[in-house]
Amino acid sequence: MIRHLLPGVLFALLAAFVLPFVAARSAEATLPPSHHSHTQATPPLAELGQLELPWECSAAFRVTQTHDVGSHTGLGTWAFDFDLPVGTPVSAPADGEVRLVRDDSTRHGCGPEFAWDANYVVIDLKNGYDALLLHLDAGSVTVKPGDKVEAGQVVGRVGDSGWVCGTHLHFQVQRSCSSWWCQSVPAGFAEHPQPQTGQELSRPMCEAQPQMALAD
């Protein structure tokens, strides 16, 4: 009697445990790579600390372009564009060391053929990542490679250089590489962790500097 029951029991176990696993693996194999359960997005950059917005205290500017849209694809997928007008001071978003600078270009236009004509400051954040500040005005950069900078320190001014279809500041955090244009990665800011297109972002008022007591 037991010998007759064994085949049925084995088939039931197979149906309950083995077949669902095989079916699940087969279904996963047919999904696009971005939908696989084991695929992970680029992790947030916790080691960066909290970035400051790259402009002066108490100022506010609008986000005009975010991620994986328009010109922000490929290496620039995780970039932000901000609507800073010409001449607006641009500041370092974190402490670091200036790695690369260009500020001699006056060429610009609304097309990818102008992409390599942009003026920029690249700041090494000392953790394998850089901050790229792009579309600066010719002759406005106030730092040079090797300079140490502090968060909030002005490094240049916005201008029309490179691929611009309207004046703006392009900002991205990127993995350090041999070029000024490297693979961007997700990043946010202290008061605005996930900025959205159309959102106005404001930096808080700076802390007042302590005043020296006047001598009697």
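Visitor: How much accessible surface does the protein chain have, and what share of that surface belongs to carbon and sulfur atoms?

Guide: In this predicted model, the accessible surface of the protein chain comes to about 12,600 Å². Carbon and sulfur atoms account for 58% of that area. As for the interior, 37% of the 216 residues count as buried.

Visitor: Which elements make up the protein chain, and in what order do they run?

Guide: The chain has one helix and 13 strands. Reading from the N terminus, the helix comes before the strands, in the order α-β-β-β-β-β-β-β-β-β-β-β-β-β.

Visitor: What share of the contacts with a separation of 6 or more joins residues 24 or more positions apart?

Guide: The share is 68% for the protein chain. A case to look at is Phe61, which belongs to strand S1 (residues 60–65). Phe61 and Leu201 are separated by 140 residues in sequence, yet their C-alpha atoms are 5.5 Å apart in space. Beyond residues up to four places away in sequence, Phe61 touches Trp55, Asp83, Leu84, Pro85, Thr88, Gln199, Glu200 and Leu201.

Visitor: Why does Phe61 count as buried?

Guide: The reason lies in its relative accessibility of 14%, since buried means under 20%.

Visitor: How should one look for empty space, and what is the volume of the largest pocket?

Guide: Rolling a probe the size of a water molecule over the atoms shows where empty space is left. In this structure, the largest pocket has a volume of about 430 Å³. Its lining consists of 20 residues, and those nearest the centre are Ser71, His72, His135, Trp163 and His170. By type, the lining residues divide into eight nonpolar, 10 polar and two charged.

Visitor: His135 is one of the residues nearest the centre of that pocket. What is the sign of its phi?

Guide: Most residues other than glycine have a negative phi. His135, although not a glycine, has a positive phi of about 80°. This residue is located in the loop between strand S7 (129–134) and strand S8 (148–149). With a relative accessible area of 4%, His135 is buried.

Visitor: Where is Ser58 found, and what is its phi?

Guide: Ser58 lies in the loop between helix H1 (2–29) and S1. Its phi is near 70°, a positive value in a residue other than glycine. Ser58 counts as partly exposed because its relative accessibility is 44%, which falls between the limits of 20% and 50%.

Visitor: Which residue does the side chain of Asp117 meet in a polar contact?

Guide: The partner is Arg107, whose side chain makes a polar contact with that of Asp117 at 2.3 Å. Asp117 sits in the loop between strand S5 (108–109) and strand S6 (120–124). At a relative accessible area of 15%, Asp117 is buried. Apart from neighbours within four places in sequence, Asp117 is in contact with Arg102, Ser105, Arg107, Ser161 and Gly162.

Visitor: Which backbone oxygen does the side chain of Thr77 reach?

Guide: The side chain of Thr77 reaches the backbone oxygen of Gly74, at 2.8 Å. Thr77 is found in the loop between S1 and strand S2 (80–82). Its relative accessible area is 15%, so Thr77 is buried. When neighbours within four places in sequence are left aside, Thr77 is in contact with Thr66, His67, Asp68, His72 and Ser184. Among these contacts is His72, which is also one of the residues nearest the centre of the largest pocket.

Conventions. Residues are numbered from 1 along each chain as its sequence is written. Side-chain values use heavy atoms; hydrogens and water are left out. Helices (H or I, at least four residues) and strands (E, at least two) are DSSP runs, numbered from the N terminus. Buried means under 20% relative accessible area, exposed over 50%, partly exposed in between (1.4 Å probe, protein chains only). Contact means heavy atoms within 4.5 Å. Accessible areas come from the Shrake-Rupley method with a 1.4 Å probe; for residues, only the protein chains shown count as cover. A polar contact is a pair of N or O atoms within 3.5 Å; within protein, one must be able to donate a hydrogen and the other to accept it, and residues adjacent in sequence count only if both atoms are side-chain atoms. On a 1 Å grid over the protein atoms alone, a cavity is a set of points where a 1.4 Å probe fits but cannot get out, and a pocket is an open set with protein on both sides within 12 Å along at least five of seven lines; lining residues have an atom within 4 Å of a point. Grid points are joined across faces, edges and corners, and a volume is the space filled by probe spheres set on the points. Ala, Val, Leu, Ile, Met, Phe, Trp, Tyr, Cys and Pro count as nonpolar, Asp, Glu, Lys and Arg as charged, and the others, Gly among them, as polar.
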